[in-house]
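Visitor: I should like to request a close look at a single part of this model, the metal site. Please describe it in detail, and then turn to the enclosed space in the protein.

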Amino acid sequence: MAPYTPTPDDRFTFGLWTVGNVGRDPFGGPTREPLSAPYIVQKLAELGVYGVNLHDNDLVPIDATAAERDRIVREFKQALSDHGLKVPMATTNLFGDPAFKDGAFTSADARVRAYALQKTMASMDLGAELGAETYVFWGGREGTEVDGSGKLLDALGWFRDSLNYLAEYSESQGYGYRFALEPKPNEPRGDIFLPTVGSALGFIATLARPELFGVNPEFAHETMAGLSFPHAIAQAIDAGKLFHIDLNDQKMGRFDQDLRFGAENPKGAFFTVKLLEDSGYTGMRHFDAHALRTEDEAGVWAFARGCMRTYLILKEKARQWDEDAEIQAALQAYRVQDAGVGEAATRFSPENAAALKAHAFDRVALGARGPGLEQLDQLTMELLLGVR
Ligand code: GLT
Ligand code: MN
Ligand code: MN
């Protein structure tokens with residue numbers, strides 16, 4: 001097989017809404033014809049993808065009758081089994097319909113909050129029927145433009161109550177979902193609740209069943225917040241909470257671009273791949289991105305192939321980085337292992353603390369040491385640029 005050709009073992013996934021994106025934006029209508037779900041399944045399987053994820057309404061229109069729903073789901077399941085594709089993750093569209101214009105779980109209207117619960121339970125039923133194990137909550141409309149509404153604290157409480165309710169529903173149905181909260185700082189709302197990975201992690205600790213919840217960080221969303229994606233996922237990994245990941249790319253300070261993975265910030269993409277691979281992350285590598293609005297259908301499949309090829313190329317680069325003697329020597333020199341104080345700084349005891357307090361450090365020498373980071377970073381750049 002040609003190098004960098006994906007296979008299902010790579011656990012790459014796309015959403016129906018990603019390759020199915022028709023190129024609509026706030027200033028113009030679609031530039032591409034819609035692709036049917038069974039056709040998307042066939043094309044993704046041909047590309048070596050492992051699975052396809054969906055919102056309820058990516059597959060079943062919001063106003064479908066029960067009979068229409070059953071027919072659509074039957075045809076979709078047939079396509080999945082014909083082409084050997086899985087549905088690892090499902091989620092709810094709680095942002096498209098005007099009913100959710102001022103929030104779903106955090107709407108000030110109790111009827112909307114109840115409807116959001118009802119819609120999500122139906123969508124969880126659908127996801128379970130398709131075999132999904134991860135359930136994502138992206139609260140796109142959960143936010144405000146008008147803080148004069150005074151609902152900031154109430155909204156977090158309503159959000160918590162809804163997530164607690166849905167976790168119990170999942171458990172009572174025996175679905176066994178792991179839930180992943182997806183943060184985003186803004187767009188479509190002026191300010192979205194739980195804007196960053198750190199906010200979501202803090203909120204999870206306040207839920208009734210925190211062990212069922214993790215995060216679904218997205219490269220573009222942390223970047224929109226001016227933050228580092230590798231740092232965000234490192235914190236999620238450290239907390240044991242990286243349940244899912246949305247890979248794409250983004251220029252800082254722009255609208256949500258959802259660019260092809262690695263298209264804008266290959267170095268950030270490299271350290272993202274390296275963290276996932278080094279940490280032993282076993283979840284899906286989901287690409288939540290779409291082809292540029294300029295593209296036709298051929299451009300859509302070039303986009304999808306490109307996301308996966310870039311991941312695999314960077315995975316190979318990460319392996320080279322680990323095996324590069326000069327890089328490893330620079331790393332070793334950077335990390336000074338022995339603090340010269342024996343056990344005193346490794347574990348608290350009154351004796352250790354007394355010994356550490358009595359130790360004489362050469363503060364000036366500590367400050368004078370050059371850690372070699374310029375050279376280390378240049379070596380990384382040269383490796384990424386292909387001259388090592
Ligand atoms: C929407 C959003 C994404 C979320 C999807 C899941 S929907 O496309 O921009 O970041 O991951 O609800
Ligand atoms: Mn996005
Ligand atoms: Mn996303």
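Guide: Along the chain, the donors of the manganese ion (ligand 2) follow the spacing E-x2-H-x34-D-x1-D. In this predicted model, the protein donors are Glu-218 through OE, His-221 through NE2, Asp-256, which is listed twice through OD, and Asp-258 through OD. These donors lie 2.0 to 2.8 Å from the manganese ion (ligand 2).

Glu-218 also has a bridging role, linking the manganese ion (ligand 2) and the manganese ion (ligand 3). The two ions lie 4.6 Å apart. Glu-218 sits in the loop between β8 (213–215) and α8 (219–224), and Asp-258 in the loop between β9 (246–247) and α10 (266–279), so the pair ties together parts that are 40 residues apart in sequence. Since buried means under 20% relative accessible area, Glu-218 counts as buried at 0% relative accessibility. Asp-258 is likewise buried, with a relative accessible area of 12%.

As for enclosed space, the structure holds 1 cavity of 30 Å³ or more. The largest cavity contains about 90 Å³ of space. Its lining comprises 13 residues, of which Gly-139, Phe-159, Glu-182, Phe-193 and Leu-194 are the closest to the centre. Two strands, β4 (134–138) and β6 (178–182), each supply at least two residues of this lining. By class, the lining of the largest cavity divides into 9 nonpolar residues, 1 polar residue and 3 charged residues.

Methods:
Residues are numbered from 1 along each chain as its sequence is written. Chains are lettered from A and ligands numbered from 1 in the order in which they are written. This is a predicted model: local features need pLDDT of at least 70, side-chain atom pairs count only at pLDDT 80 or more; totals for chains, interfaces and linings use all residues. Side-chain values use heavy atoms; hydrogens and water are left out. Donors are N, O and S atoms within 2.8 Å of the metal (3.2 Å for Na, K and Ca); water is not among the atoms, so sites may look incomplete. Helices (H or I, at least four residues) and strands (E, at least two) are DSSP runs, numbered from the N terminus. Buried means under 20% relative accessible area, exposed over 50%, partly exposed in between (1.4 Å probe, protein chains only). On a 1 Å grid over the protein atoms alone, a cavity is a set of points where a 1.4 Å probe fits but cannot get out, and a pocket is an open set with protein on both sides within 12 Å along at least five of seven lines; lining residues have an atom within 4 Å of a point. Grid points are joined across faces, edges and corners, and a volume is the space filled by probe spheres set on the points. Ala, Val, Leu, Ile, Met, Phe, Trp, Tyr, Cys and Pro count as nonpolar, Asp, Glu, Lys and Arg as charged, and the others, Gly among them, as polar.
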